[in-house]
Amino acid sequence: MRLTVVGCSGSAPGPDSAASSYLVEKDGFRLLLDLGAGAAGPLQRYAAAEEIGAVILSHAHSDHWSDVTQLSYYRSKAIRDGSDCGPIPVFGPSNMNPVLTTSPDDFTTAVIQPDVRVLGPLTVRLAGVQHGDLECWATRVDDALCYTADTEPCAAVEELAEGCGVLLAEASGFDADGPLRGHLTAGDAGRLAAKAGARLLILTHLRAWQDHLRLLDEAAQVAGCPVVLAQPGLRVAL
């Protein structure tokens, strides 16, 4: 199994990265966790549009979902075995944008439930987390990866992350900023990794206006495992 960071910029695309998008591959199956603003372009470096088996959208903020429409456009131009490759299977929150739920030729959508799903060779578990007043879902893939999406510290993300190999966690600010409503600080991400017993912490949702090396330092002081910054093209064996 392999994780590829397609985009890792938080809240909006940055000068060096699209917004959040992460590709998980196993036995030829390709799962996207989020596909935020600007990410459909660089995704083509790692997978063709028609090769995507499913997309899980954590929540309805555009920096996590908006380029699914662009993926659909690329997919509509792809020919596989002489025929249309079909709509994109999308799993998302109950408040998904109507463009996803009213375009059956482009998308087959299902509302996320707090349950276990089998997608191709992957076992996926989803948990509702606390992102202000907005519905948001964190994702665990097998026992290999836990993606926090956007959340403040909460019991649900702690339970989901427990025992994971790689923790892909947002780092949207610093402990000195005080508790962030709906988001993890870098220190929060490090403490979550330590509590989970993760073997690697990858910091993501990196806002362009923040000092990313300072985020790295804050998380590394408490994580109890190696910590790296996400960057486009980063690939990790899971």
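Q: Which strand does Glu 25 lie in?
A: This is a predicted model, so let's take its strands as the model gives them. Residues 21-26 make up a strand, and Glu 25 falls within that run. That strand is β2.

Q: Is Glu 25 buried or exposed, and what is its relative accessible area?
A: The cut-off for buried is under 20% relative accessible area. Glu 25 falls under that cut-off, so it counts as buried. Its relative accessible area is 10%.

Q: With which side chain does the side chain of Glu 25 make a polar contact?
A: Leaving out residues up to four places away in sequence, Glu 25 touches Met 1, Arg 2, Thr 4, Arg 30, Tyr 46 and Arg 235. One of these also gives a side-chain to side-chain polar contact, at 3.2 Å. The partner is Arg 30.

Q: In what order do the seven strands of the open sheet run?
A: The pairing in this sheet is mixed, and the twist averages 20° from one strand to the next. At the edges sit β8 (107-111) and β16 (235-237), each pairing on one side only. Reading across, the order is β8-β7-β4-β3-β2-β1-β16.

Q: Which residue in β8 does Pro 89 stand opposite?
A: Strand β7 covers residues 88-92, and five bridges join it to β8. The two strands run parallel. Across from Pro 89 stands Thr 108.

Q: Which residue in β7 is the bridge partner of Val 55?
A: β4 and β7 also pair in the parallel sense, this time over two bridges. Four of the five residues of β7 are buried, so the strand is largely enclosed by the rest of the structure. The partner of Val 55 there is Val 90.

Q: What angle does the direction of α3 make with that of β7?
A: Helix α3 packs on the sheet. There it touches β3 (29-35), β4 (54-56), β7 and β8. Its direction and that of β7 make an angle of about 170°.

Q: How wide an arc do the buried residues of α3 cover around the axis?
A: In this helix, residues 68-76, the buried ones are Val 68, Leu 71, Ser 72 and Arg 75. They sit on the same side of α3 because the arc they cover is only 100°.

Q: How many residues are in the core that lies apart from the largest nonpolar core?
A: The largest nonpolar core has 58 residues, and Leu 31, Ile 56, Leu 167, Leu 201 and Ile 202 touch the most other members. Apart from that one lies another core, with Val 6, Tyr 46, Trp 65 and Val 90 among its members. Its residue count is 21.

Technical notes. Residues numbered from 1 in each chain as written. Predicted model: local features only at pLDDT ≥ 70, side-chain atom pairs only at ≥ 80, totals over all residues. Heavy atoms only, no water. Buried < 20%, exposed > 50% of the residue type's maximum accessible area, 1.4 Å probe, protein only. Arc of directions from axis to C-beta. Polar contact = N/O pair within 3.5 Å; in protein donor to acceptor, adjacent residues only side chain to side chain. Contact = heavy atoms within 4.5 Å. Core = buried A, V, L, I, M, F, W, Y, C linked by side-chain atoms within 4.5 Å. Pairing = 2+ DSSP bridges. Axes fitted to C-alpha atoms, helices over the stretch in contact; angles between N-to-C directions.
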